Structures are given as structure tokens and as C-alpha cells.
Amino acid sequence: MADLAFLGPEGTFTHRAALDLAADGERLIALDHAEEVIAAITSGSADGAVIAFENSLDGPVAANLDLLIATDEDVVIVAERVIPVAFDLWRRPDDDAPLAGVVSHPVGLAQCQTFIRAGGLQTRSASSNAVACREVAEEARPGWAALAGPDAGEQFGLVATERGIRDDERASTRFLRLGHRSPAPSGRDRSAFVLYPDSDRAGSLVSLLQEFSGRGVNMTAIKSRPTKELLGEYVFFVEVEGHLHDARLRDATLGVLERSAAVRFLGSYPEDPTRPERPGTTGRGADEERRLSLMLARTDQG
């Protein structure tokens, strides 16, 4: 039976993503630390791994991005899942003290600042939202509650006293499934690379990025991370639209490889089908043609 590792315990948003990304018959394995999740896929003890990658309001999960960049060459992204994020307030059923503080994952605390400030609440961070619920249940500290997902609190005997807490209705988190082989093109894909520009050559990063832009490949993300070896040195995670087998992206990748041997391919993978489609450039519209005609009218013909 195949195994899919994820950051546990059950009841977290990561667990929900893992359920969605699991293949039929695949067994989910909850691990205590993100490093263990990555190690499971790199060592072969699991066939896949699910990690939280970025939040729509707070950006990338830096620690997980660093872990991804540091993985072995044979580990690639094979799928993504975008999950809307809202939090419930979980309390002990016997605690009727005025609400004094909340425990949650740092991302959860960041996304519920309006609620926290309005109540003048103290805060404490936990390694996951489910761990926050467990701490509230075990500590039995009057007036303290957990901010966690809708599946998190019941397993610890807590009750949800408020639901759907969040600062922004657009809040969502993207999760990645890691594997060893990218799937075939789906027609709506993304690809990811890690670029290591030459810090001693001016314009090195720009020249690499121009290989994509010059061929009309849309870059959806450019994230810098320190190499952790020398102050001021960075590597760059780049995500683009398209699959490596697409002609334009294949040509762009060849151009990047010609400019730098230090390029890491992180996989091609289908977009989550729940993502709204972005407006495309399907062709020249009447307005563009009209504006071009006005420009041409102000030039001499050769």
C-alpha cells in the first residue's frame, strides 16, 4: 500500500489537503515536523508528501520553501491544492470564563488579527492548529481557546463557539504534493525551477528571467531565499505557466541552461481546477487594433 506523508495531526488544513490529494487506496501518514515529511519522500519511506506552500495573504511558508529547495533532484512537485481558510473558535465545554486568549498556528493568528484585536486577546503560537486544540483541551486554562479549522476541535472534546473567523474572505492556502515524477501535460499546468544566478556577473538574474519572458512564458512567482552560506547571496524560486513539454517553455528552459548550469527543475504539475481562470491574451481586440492604427497614422511609411 502506498503512503502519503503530511504534517499532522489530523484535523488540520494540511490534513484536509492531503485527503484531497491522496490517490485511491493511499494511506495517510501524519508526522510531527515538516522536516520529517520531506525526509519521508526523500528516503523513500513514503511515496508522496504534502506541504503547505503559500498563503494568499501572507505569502510563502518560508521554512517549507527552504526545505523544498534543499530536496534531492528526484523530488518534484506533482500536484497542488488550494483550500479556502477560515477558523473556528474551539473551547472546553466546561469553560464559561470570559475569553482571554487564543492559541493557533502563526498563520492562523496572522489571519485573525481583527478578531484578536477586537477582543483584546492574548495570543500563543502552536506548531499546528490541531496541536493548539490539544493544548487547550489538556491545559484546561480558563478563558483560553484555539483558533483552528472546522475539523480540528471535536477530536479533543472541544466545542466551536464561533465559526468562520478570518480577516479576509479571500484567504486561502496552497498546498503542494511532492513525488518523483511529474504528470503528463493537462492543458493547464505550472512548472517550477530554482535558479542560482552568478553573483559576480551583473544582470545574471535578469538574463535568466528574460529567457522566459522573451518567449512569452508568463512567470507567476519569483521568490528569493538566502543560500545560508554567505550574507547577500540568494537563490530564486521561479514558477511559470505551462508544462516542460510545451514548446515555448522547453525552449526557454534550454535558454536558461545555456546561460547557467546551476538550474534545478522542481516539476510540472496541473493547476488546482478550483482556481479561477486568469484572463488570457486570446488575440488582438478591436481596441488594440484601433490604438495601433492611430499610432501608425503618426508615422511615415517606409
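**View 1. Four residues of α7 meet five of α8 in this predicted model**. From α7 come S207, L208, E211 and F212. From α8 come L249, A252, G255, V256 and R259. By type, the residues of this contact divide into 5 nonpolar, 2 polar and 2 charged.

**View 2. Helices α7 and α8 cross at roughly 165°**. Two packed helices are described by the angle between their axes and the distance between the axes. Helix α7 spans residues 204–213, and helix α8 spans residues 247–259. Their axes come within 8 Å. Angles over 145 degrees count as roughly antiparallel. The two helices, α7 and α8, are therefore roughly antiparallel to each other. The crossing in which α7 passes α8 is right-handed.

**View 3. The largest pocket holds about 660 Å³ of space**. Its lining has 34 residues. Closest to the pocket centre are L7, T14, H105, S127 and S128. The lining residues divide into 18 nonpolar, 13 polar and 3 charged.

**View 4. Helices and strands supply residues to the lining of the largest pocket**. Several elements give two or more residues each. The helices among them are α1 (13–21), α2 (34–43), α3 (62–69), α4 (106–111) and α6 (129–139). The strands are β2 (27–31), β3 (48–55) and β11 (172–179). Which element gives the most to this lining? Strand β3 does, with 4 residues.

**View 5. A cis peptide bond joins G8 to P9**. Omega for this bond is near 5°. Most residues other than glycine have a negative phi, and most peptide bonds are trans. The bond from G8 to P9 is cis instead. Where does P9 lie? P9 sits in the loop between β1 (3–7) and α1.

**View 6. A140 has a positive phi**. The angle is about 50°, although A140 is not a glycine. A140 is found in the loop between α6 and β9 (144–148). Helix α6 also gives two or more residues to the lining of the largest pocket.

How values were computed
Residues numbered from 1 in each chain as written. Predicted model: local features only at pLDDT ≥ 70, side-chain atom pairs only at ≥ 80, totals over all residues. Heavy atoms only, no water. 1 Å grid on protein atoms, 1.4 Å probe; cavity = no way out; pocket = protein on both sides within 12 Å on 5 of 7 lines; lining within 4 Å. Points joined across faces, edges and corners; volume = space filled by probe spheres on them. Nonpolar A, V, L, I, M, F, W, Y, C, P; charged D, E, K, R; others polar. Axes fitted to C-alpha atoms, helices over the stretch in contact; angles between N-to-C directions. Parallel < 35°, antiparallel > 145°, perpendicular 65-115°, else oblique. Left-handed = near helix turned anticlockwise from the far one by under 90°. Contact = heavy atoms within 4.5 Å.
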